[in-house]
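User: I would like to learn how to read backbone and packing features in a model of this kind. Could we go through them one at a time?

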Amino acid sequence: MPTSRKGLNPARRIDLARELWEWEPHPTQREWLIDDHPVKVAACGRRWGKTEAAAVDIATYGIAYNGSVQIIVAPTYDQSKLIASTVERLMLANDRIRAQLHITRTPYPDIRYRGSRIMARTADDDGRNLRGHSADRVIVDEAAFVRDAVIDEVIGPMLADRDGRLVMVSTPFGKNHFYRAFMRGVGGGDDRCGAFRFPSWSNPHISAEYIDYQRTVMSDRQFSVEYEAEFVDDQNSVFPWEDIQSAIEDGPALNRGASSVYVAGVDWARYSDYTVVVVLDVGVTPYRVVALDRFNRMDWHSQVERVADLMRCHGVSCLAADQTSIGDPMLEILRNRLWGERGMNIDIEGVVFTNTSKRELIDNLAAGLAHGEVKFPKVESLIQELQFYEYELTEFGNVRTNARRGYNDDCVIALSLALRLASRYRFAGGAHTSGHMRDSARGW
């Protein structure tokens, strides 16, 4: 057991940080650090300074309380290592501390100072890397992205036999254990829990210009979560209903406009899914969907022929198609059909989906809808897919985007692929360079 915590004055540890490293917290960091509740919860906006504050907190606690055990937990190894590396740099920066320091970096960070120990672990899917440990404090970074069961069934028991303390910091994500702990703290119904919300601008060192710029490039909901640190009711929904509604134009028909600048996105069918082709008019503002074709249960060559017909009908300048899995041979057949057999001068891009590239496409579509950059007619299949497209937390603590179980996402993907081309082609007037993308498939 560490030295008794009775009479602990957290402000004294801020003084210790000043003496050792000349470190001074900004006002809300100080507010957070001097709080002494057994359970502390902070909903933080990006760039608030949680990594720095957590590292100072952990380092000074380990120095002040000889024999203490602290464990840093995060959804991924890289996230847990980030705070541990900052703790390590702090403690190595002081000659007196460095002389009594022992550091192990693999397979997991393990920092020992005199009788105190600071470890970093991942939460994994079931917390298996945490089992068997006990601690005086567990600090959970990006806690909202750690599964409820890991907090309740693994971390809770780790603290039980040492009357340990739980510290959770995160950007909000859904109304899970992190949200419930936050509400216990702000509601005053749990004397053991302290809760704080620190939007990004509560860090006086971040520029107002940076915050204002982020507000313009993100949807309102994204900005509320990631910079205002707000818990949003429809937070798991990628596309807020009000954004979808504002994008719907009166009238059921898809109408070809007067513009000569058209781009297209294609999502190929897999098993019971649909192949969807979206043609987007990018010569007008906002961009308008002028064609949406959705079909399934067709052989590959028939699908390619149907897509080729639509490209010719609208004089499409560029097409982006899913090249993942079965999309690779489909894309090659489409190239041969358009370039060889039909002699069409159309740029064709292949897109290999990864979690990151797909997230970028979907975030771009969400921002486009939020800022009124895209309009489409009342096509029920597209509207329904947008409505039930959600963020999902994987068992490894990563975030991915998918259709809700029982729904499709083919229209969403096709529209996002077309929109990805919009900024490049809207000023091109439909002009082509000489097949400049024909020699290679490009992925984002």
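**Backbone and core**

Analyst: This is a predicted model, and a starting point is Arg297, which is exposed because its relative accessible area of 84% lies over the 50% cut-off.

User: What is the sign of phi at Arg297, and where does this residue lie?

Analyst: Most residues other than glycine have a negative phi. Arg297, although not a glycine, has a positive phi of about 60 degrees, and it lies in the loop between strand 11 and helix 11 (300-314). Arg114 also has a positive phi, near 50 degrees, and is found in the loop between strand 4 and strand 5 (116-122).

User: Which residues does the cis peptide bond with omega near 0 degrees join?

Analyst: Most peptide bonds are trans. The bond from Thr106 to Pro107 is cis, with Pro107 placed in the loop between strand 3 (101-104) and strand 4 (110-113). A cis bond also joins Thr285 and Pro286, where omega is about 0 degrees, and Pro286 lies in the loop between strand 10 (275-281) and strand 11 (287-295).

User: How many residues does the largest nonpolar core have, and which have the most contacts inside it?

Analyst: In soluble globular proteins, nonpolar side chains tend to be buried together. Here the largest nonpolar core has 75 residues, and Val140, Ile155, Phe239 and Phe376 have the most contacts inside it. Helix 15 (residues 410-425) gives the most to this core, with 10 residues. A second, separate core of 35 residues includes Trp23, Leu101, Ala120 and Ile139.

User: Which residues does Phe376 touch, leaving out those up to four places away in sequence?

Analyst: With that exclusion, the residues touched by Phe376 include Ile244, Ile248, Glu249, Val289 and Leu386.

Note on methods
Residues are numbered from 1 along each chain as its sequence is written. This is a predicted model: local features need pLDDT of at least 70, side-chain atom pairs count only at pLDDT 80 or more; totals for chains, interfaces and linings use all residues. Side-chain values use heavy atoms; hydrogens and water are left out. A nonpolar core is a set of buried Ala, Val, Leu, Ile, Met, Phe, Trp, Tyr and Cys residues joined through side-chain atoms within 4.5 Å. Buried means under 20% relative accessible area, exposed over 50%, partly exposed in between (1.4 Å probe, protein chains only). Helices (H or I, at least four residues) and strands (E, at least two) are DSSP runs, numbered from the N terminus. Contact means heavy atoms within 4.5 Å.
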